[in-house]
Amino acid sequence: MKFFSADGALYKFITRFWDMVKLNFIWLICSLPVITIGVSTVAAYSVTLRMIEENEGYVVRNFFRAFKENFKQGMAIGPITLLFAAVLYIDFTFAKQHIGFAILGVFSAFMFGIALIYAYPLLARYDNRLFKTIKNSMRISMRYFGRTVFLAVLLAVETLVFRFTYITLIIGLLIGPACMMLTVSGFSMFFFREIEKEGGVIRQTDNADILNDVQDSDIKEEQNEIKK
């Protein structure tokens, strides 16, 4: 039956699930030193963006290639992410004692979200300065604000589902982070393609894309970004 063949839905599901397990495992192992969590996450997004385009190839090989290529930028964004997370933790820890901390926590969470939610996919897809990447992440978040809010809700739902029962918790441990990165990648690729269609992309003979200024877009590049 076609359902059980190599081109069938079951085979594709099992293959994708196994790829997610492998990606989740190597992401976790490479993130354990903590200081490399940024590099590991950019590398994982490089793979999940390929999955969205159905061009992931060999997951482990592509992960470590991206890990090497994005080492410098990943090492820079990792501490920024950890700093934001620490600020959020402190704010919400003291929120019960003073309403001001609760307000600051909500504001910090908002800034954290718009600054970094698309930063990792941007680093995985384009070559650019870190500050510019975070700036572009904020611009994309504000331009597609409604869809970004929906994405945040979807990620929250995924988190709750993975923690719903012991069985879903085990599944979450196997593929949870990778699944959430795949979700963000799906939204990110849609936004990236929309921006590229507006004329901010010049196709090169070497298959590289250069993002120039988009005159009628809210996201106006101050310098070129080269698609990986």
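This passage walks through a predicted model, from its overall fold to its largest pocket and then to a handful of individual residues.

The chain is built from nine helices and four strands. Read from the N terminus, these elements follow the order α-α-α-α-α-α-β-α-α-α-β-β-β. Of the 228 residues in the chain, 42% are buried. Contacts that link distant parts of the sequence are well represented: among contacts in the chain with a separation of 6 or more, 64% involve residues 24 or more positions apart.

A good place to begin a closer look is the largest pocket, which has a volume of about 870 Å³. Its lining comprises 24 residues, and those closest to the pocket centre are Thr81, Phe112, Leu116, Ile117 and Leu155. Two or more lining residues come from each of the helices α2 (37–52), α4, α5 (99–116), α8 (145–162) and α9 (166–200). Helix α5 makes the greatest contribution, with six residues. In chemical terms, the lining of the largest pocket consists of 20 nonpolar residues and four polar ones, with no charged residue.

Threonine 81, one of the residues closest to the centre of the largest pocket, belongs to helix α4, which covers residues 71–93. Its relative accessibility is 18%, and because buried means under 20%, threonine 81 falls in the buried class. Beyond its neighbours within four places in sequence, threonine 81 is in contact with Phe112, Leu116 and Tyr120. Two of these partners, Phe112 and Leu116, also appear in the list of residues closest to the pocket centre.

Helix α2, another contributor to the pocket lining, has 16 residues and spans 22 Å from its first C-alpha to its last, close to the 22 Å expected at 1.5 Å a residue. Because 13 of its 16 residues are buried, α2 is largely enclosed by the rest of the structure.

The loops on either side of α2 deserve a moment of attention. Most residues other than glycine have a negative phi. Valine 34, in the loop between α1 (9–31) and α2, has a positive phi near 70°. This valine is partly exposed, at 45% relative accessible area. Threonine 36 sits in the loop between α1 and α2 as well, but threonine 36 is buried, with a relative accessible area of 11%. Not counting residues up to four places away in sequence, threonine 36 touches Cys30, Ser31, Phe67 and Met75. Just after α2 comes glutamate 54, with a positive phi of about 55°. Glutamate 54 lies in the loop between α2 and α3 (59–69) and counts as exposed, at 69% relative accessibility.

Cysteine 30, one of the residues touched by threonine 36, is itself buried, at 14% relative accessible area. Cysteine 179 is partly exposed, because its relative accessibility of 21% lies between the 20% limit for buried and the 50% limit for exposed. For readers wondering about cysteine pairing, a disulfide is a covalent bond between the sulfur atoms of two cysteines. A search of the whole structure finds zero disulfides.

Two further helices complete the picture. Leucine 130 is in helix α7, which covers residues 130–143, and is buried, with a relative accessible area of 13%. Leaving out residues up to four places away in sequence, leucine 130 touches Gln73, Ala76, Ile77, Ile80 and Leu123. With glutamine 73, the separation is 57 residues in sequence but 6.6 Å in space, C-alpha to C-alpha. Valine 149, found in helix α8, is partly exposed, at 38% relative accessibility. The C-alpha atoms of valine 149 and glycine 113 are separated by 9.7 Å, while the two residues are 36 residues apart along the chain.

Technical notes. Residues are numbered from 1 along each chain as its sequence is written. This is a predicted model: local features need pLDDT of at least 70, side-chain atom pairs count only at pLDDT 80 or more; totals for chains, interfaces and linings use all residues. Side-chain values use heavy atoms; hydrogens and water are left out. Buried means under 20% relative accessible area, exposed over 50%, partly exposed in between (1.4 Å probe, protein chains only). Contact means heavy atoms within 4.5 Å. On a 1 Å grid over the protein atoms alone, a cavity is a set of points where a 1.4 Å probe fits but cannot get out, and a pocket is an open set with protein on both sides within 12 Å along at least five of seven lines; lining residues have an atom within 4 Å of a point. Grid points are joined across faces, edges and corners, and a volume is the space filled by probe spheres set on the points. Ala, Val, Leu, Ile, Met, Phe, Trp, Tyr, Cys and Pro count as nonpolar, Asp, Glu, Lys and Arg as charged, and the others, Gly among them, as polar. The expected span of a helix is 1.5 Å times one less than its number of residues. A disulfide is a pair of cysteine sulfur atoms within 2.5 Å.
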